[in-house]
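Visitor: I'm new to reading protein structures, and I'd love some help with this one. Could we walk through it together?

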Amino acid sequence: MKIIHDQDEMFSTIRECVDGIAIPVGSTLGPNGKVAIVSRYLRKDNGDIVEPYPTKDGVTVAREIEPETPAQRAIFPIFQQVALRANSEAGDGTTTATVIARELVHLGLDEIQYRNEKPDPLIRQIRASISRVKESLGLLRRDELDDATMRAVATISMNGDCKSANVVVDAFD
């Protein structure tokens, strides 16, 4: 078990753990994002097998990252909640939420570590900012999308494959 001896080492460990999730998840971001290969364990009659599974889904990548060190086992579940909550509350945006959360963690640790800011006021500022962002996004929300918008979103989700996007949109009609 690794024992953290000082604040600098603790901050470094937190950064490494956050990056350990955010970098692979973030690599899948957007229409030009990379495909991640995750392992799926399947139960077969003749024993368990591991099957590679390609995905661009940030929450799938976040779920499949296995922490290796005690520090990672302590920090990973906290940070994985970013992707899991974005998925359960919004149904999308897990990768974006993870990338933004990584930057918030890094900037927050910098403020505490190098500028001697106190954590509590910083946390209150972040929470207030989050509330303002949620309010602004709520104003942009659309409950119903027209056909062209749905096709555009589906095309991005299908990595530019218009034919597959049309199948998805048609399934909603």
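Visitor: Is Leu137 buried or exposed?
Guide: Happy to help, and keep in mind that this is a predicted model. Leu137 sits in helix 5, which covers residues 119-140. A residue counts as exposed when its relative accessible area is over 50%. Leu137 has 52% relative accessibility, so Leu137 is exposed.

Visitor: Which residues make a nonpolar surface patch with Leu137?
Guide: The patch has an area of about 320 Å². Besides Leu137 itself, the residues that make it are Val133 and Leu140.

Visitor: Which element gives the most residues to the largest nonpolar core?
Guide: That core has 16 residues, and Ile21, Val25, Val61, Ile65, Phe76 and Phe79 touch the most other members. The elements that give two or more residues to this core are strand 1 (36-44), helix 1 (7-26), helix 2 (58-64) and helix 3 (70-90). With 5 residues, the element that gives the most is helix 1.

Visitor: Why would such side chains gather inside?
Guide: Here a general tendency helps. In soluble globular proteins, nonpolar side chains tend to be buried together.

Visitor: Which residues does Val61 contact, leaving aside neighbours within four places in sequence?
Guide: Val61 is one of the core residues that touch the most other members. With its neighbours within four places in sequence set aside, Val61 is in contact with Pro24, Val25, Thr28, Ala36, Val38 and Thr55.

Visitor: Is Thr60 buried or exposed?
Guide: Thr60 lies in helix 2. Leaving aside neighbours within four places in sequence, its contacts are Val38, Tyr53 and Thr55. The cut-off for buried is under 20% relative accessible area. Thr60 is at 17%, so Thr60 counts as buried.

Visitor: How many disulfides does a search of the whole structure find?
Guide: Let's look at two cysteines before counting. Cys17 has a relative accessible area of 3% and is buried, while Cys162 has 46% and is partly exposed. For disulfides, the search of the whole structure gives a count of 0.

Visitor: How many residues apart in sequence are Asp19 and Arg102?
Guide: Their side chains meet in a salt bridge, at 2.6 Å from N to O. Asp19 lies in helix 1 and Arg102 in helix 4 (residues 94-115), so the pair ties together parts whose separation in sequence is 83 residues.

Visitor: Is Asp19 buried or exposed?
Guide: Its partner Arg102 is partly exposed, with a relative accessible area of 23%. Asp19 has a relative accessible area of 18%, and buried means under 20%, so Asp19 is buried.

Visitor: How many salt bridges does a search of the whole structure find?
Guide: One of them joins Arg85 and Glu89, whose closest N and O atoms are 3.1 Å apart. Those two residues both lie in helix 3, 4 residues apart, about one turn of the helix. Arg85 is partly exposed at 48%, whereas Glu89 is exposed at 55%. The number of salt bridges in the whole structure is 7.

Visitor: Which residues are joined into one network by salt bridges that share partners?
Guide: First, a salt bridge in helix 4: Glu111 pairs with Arg115, with the closest N and O atoms 3.1 Å apart. Glu111 and Arg115 are 4 residues apart in helix 4, so about one helical turn separates them. The network, formed by salt bridges with shared partners, joins Asp19, Arg102 and Glu103.

How values were computed
Residues numbered from 1 in each chain as written. Predicted model: local features only at pLDDT ≥ 70, side-chain atom pairs only at ≥ 80, totals over all residues. Heavy atoms only, no water. Patch = residues over 30% accessible without salt bridge, like charges linked within 9 Å, V, L, I, M, F, W, Y side chains within 5 Å. Areas by Shrake-Rupley, 256 points an atom, 1.4 Å probe, with all protein chains shown as cover. Salt bridge = Lys/Arg side-chain N within 4 Å of Asp/Glu carboxyl O. Buried < 20%, exposed > 50% of the residue type's maximum accessible area, 1.4 Å probe, protein only. Core = buried A, V, L, I, M, F, W, Y, C linked by side-chain atoms within 4.5 Å. Contact = heavy atoms within 4.5 Å. Disulfide = S-S within 2.5 Å.
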